[in-house]
Amino acid sequence: MNVSATSESNRPSAESVKALTNRVADWQIANFDKELEYRALSTHQKKQNEENGWVPWRWPELGWHKGALYVGMYEWSTAGDDPKYADWLMMIGKRNHWKLHKRKYHADDHTVGQFYLNLYEDIGAPEMIEPTRKRFDAILAEPKMGSMKYSGYKNPNTDWLDRWGWCDALFMAPPVWTRLAKITGEQKYLDFMHQEYRATYDLLWDDEEKLFWRDTSFFNKREQNGRKLFWSRGNGWVFAGLALMIPDMPDDWEFRPFYVEVFKQMAASLVSLQRADGTWSMGLLGGEQGYPIKETSGTSFFVYGLAWGVNNGILDRATYEPIILKAWSALEECVTPEGMLGHVQPVGAAPGDSFPDKTEVYGIGAFLAAGSEVYKMLSHN
């Protein structure tokens, strides 16, 4: 295990975590609408900007990329105790009329429902949840029940994209279904979530390593060292999704222990896989030799989940706090003085590259979620 205890002399304070997380959140808000400015430029101006290194995010405002940002921003808004972050999310929701993204079944296009339902719990305006409820009722009326085996992104001949046939989907959609069940009191949403989640688990869970394959195309892929290839961010999506979902599950629900146990098993696997630098490799079993470059999105999701587990009494504080603080220190080193989180792996479906001067909105969302739980952990120490 490449984990050393954090000494009291270099232990972060709750206030230092709050200040850093605020800086990252503020930078993201200040830069969020640069994409709108970019789209207004001529082709020549766009090329000039790209040559000068300014390439803003080009992701849809309701897509999963920004949906993950909104999830983290909401988590930080509740922990950091500053209304401007919730106010910003309200602005995003209102200007998009609380709609989900385009595709009826695709989990990625359900992600934004998470922050809609969160804000609904705070405010209670029916229009904030009606589009999500209508979409999910339509899915329940005509559910997809075909194979979840990977069959490509173009003209797939299975239902792997219309069901949850890739592990990232377990962050995107199940927390929305679970929270909708809690808000409405309607068991049908929870039942469907469990049916589909269990189907993904049965397909993609590796019982030897206690991790999730990204999709069925990875079953025979191996790292340079010969070990199985488990994508860090993919497992980060799952781990963070569990931390979001479990609080919304009824305490007496018969299947709640299943989710808690999966969470605990994943956490135990992560203990032995943390690198000497405090992060996790993009391919979790590939080590630093296979992945000399550090990466912050997977690491941020793991920090969020682990700190949430400690804060909620699911994980042992003495075991996991040193791991969390070592990882937080590594993340802190990746934030620029202006507040940009670097070393976020670009969009992909497998381990890749990361760069100190490049970021992505979903990585920042993961960082904000991590900051929220680390702040709580240190505040209540």
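1. His343 sits in the loop between helix 15 (317-332) and helix 16. This is a predicted model, and the backbone here deserves a look. Phi of His343 is near 60 degrees, a positive value in a residue other than glycine. Is His343 buried or exposed? His343 counts as buried, because its relative accessibility is 12% and the cut-off for buried is under 20%.

2. Asn155 also has a positive phi, about 55 degrees, although it is not a glycine. Asn155 lies in the loop between helix 7 (130-141) and helix 8 (169-172). Its setting is exposed, with a relative accessible area of 74%. So one positive-phi residue, His343, is buried, whereas Asn155 is exposed.

3. Next, the nonpolar core. The largest one has 121 residues. Met193, Tyr197, Phe212 and Tyr259 have the most contacts inside it. Helix 16 (residues 361-379) gives the most to this core, with 12 residues.

4. Phe212 is worth following by eye. Leaving aside residues up to four places away in sequence, Phe212 touches Cys167, Leu170, Tyr201, Leu204, Trp205, Phe230, Asn235, Val238, Val262 and Met266. Phe212 also belongs to one aromatic cluster, together with Tyr197, Tyr201, Trp205, Trp253, Phe255, Phe258 and Tyr259. Tyr197 and Tyr259 therefore appear twice: they are members of this cluster, and they are among the residues with the most contacts inside the largest nonpolar core.

5. Asn235 is a polar name on the Phe212 contact list. Where is Asn235 found? Asn235 is in helix 11 (residues 232-245). Its relative accessible area is 0%, so Asn235 is buried. Beyond residues up to four places away in sequence, Asn235 touches Cys167, Leu211, Phe212, Phe230, Met266, Leu284 and Phe302. Cys167, Phe230 and Met266 are on the Asn235 list, and Phe212 touches them too.

6. How many aromatic pairs are there? With ring centres within 6.5 Å as the rule, the count comes to 35. Trp213 and Phe219 form one edge-to-face pair, 5.6 Å centre to centre with 65 degrees between the planes. The two partners differ in exposure. Trp213 is buried, because its relative accessible area is 6%. Phe219 is partly exposed, with a relative accessible area of 30%.

7. Phe263 and Trp308 form another edge-to-face pair, at 5.3 Å centre to centre and 85 degrees between the planes. This pair links distant parts of the chain, 45 residues apart. Phe263 is in helix 12 (residues 256-273), and Trp308 is in helix 14 (residues 297-311). Phe263 counts as buried at 0% relative accessibility. Trp308 counts as buried at 6%.

8. Two lysines are placed over aromatic rings. The charged end of Lys66 sits over the ring of Phe32, 4.8 Å from its centre. Lys221 lies over the face of Phe218, at 4.0 Å from the ring centre.

9. Last, the internal space. A search of the whole structure finds one cavity of 30 Å³ or more. The largest cavity has a volume of about 80 Å³. Which residues line the largest cavity? The lining is made of Tyr105, His110, Ile139, Lys144, Asp162, Arg163, Trp164, Trp177, Phe192 and Glu196. Charged side chains are included in that list, among them Lys144, Asp162, Arg163 and Glu196. Aromatic residues line the largest cavity as well, including Tyr105, Trp164, Trp177 and Phe192.

Key
Residues numbered from 1 in each chain as written. Predicted model: local features only at pLDDT ≥ 70, side-chain atom pairs only at ≥ 80, totals over all residues. Heavy atoms only, no water. Helix = DSSP H or I, 4+ residues; strand = E, 2+ residues; numbered from the N terminus. Buried < 20%, exposed > 50% of the residue type's maximum accessible area, 1.4 Å probe, protein only. Contact = heavy atoms within 4.5 Å. Phe/Tyr/Trp six-rings, centres within 6.5 Å; stacked < 30°, edge-to-face > 60°. Lys NZ or Arg CZ within 6 Å of the ring centre and 35° of its normal. Core = buried A, V, L, I, M, F, W, Y, C linked by side-chain atoms within 4.5 Å. 1 Å grid on protein atoms, 1.4 Å probe; cavity = no way out; pocket = protein on both sides within 12 Å on 5 of 7 lines; lining within 4 Å. Points joined across faces, edges and corners; volume = space filled by probe spheres on them.
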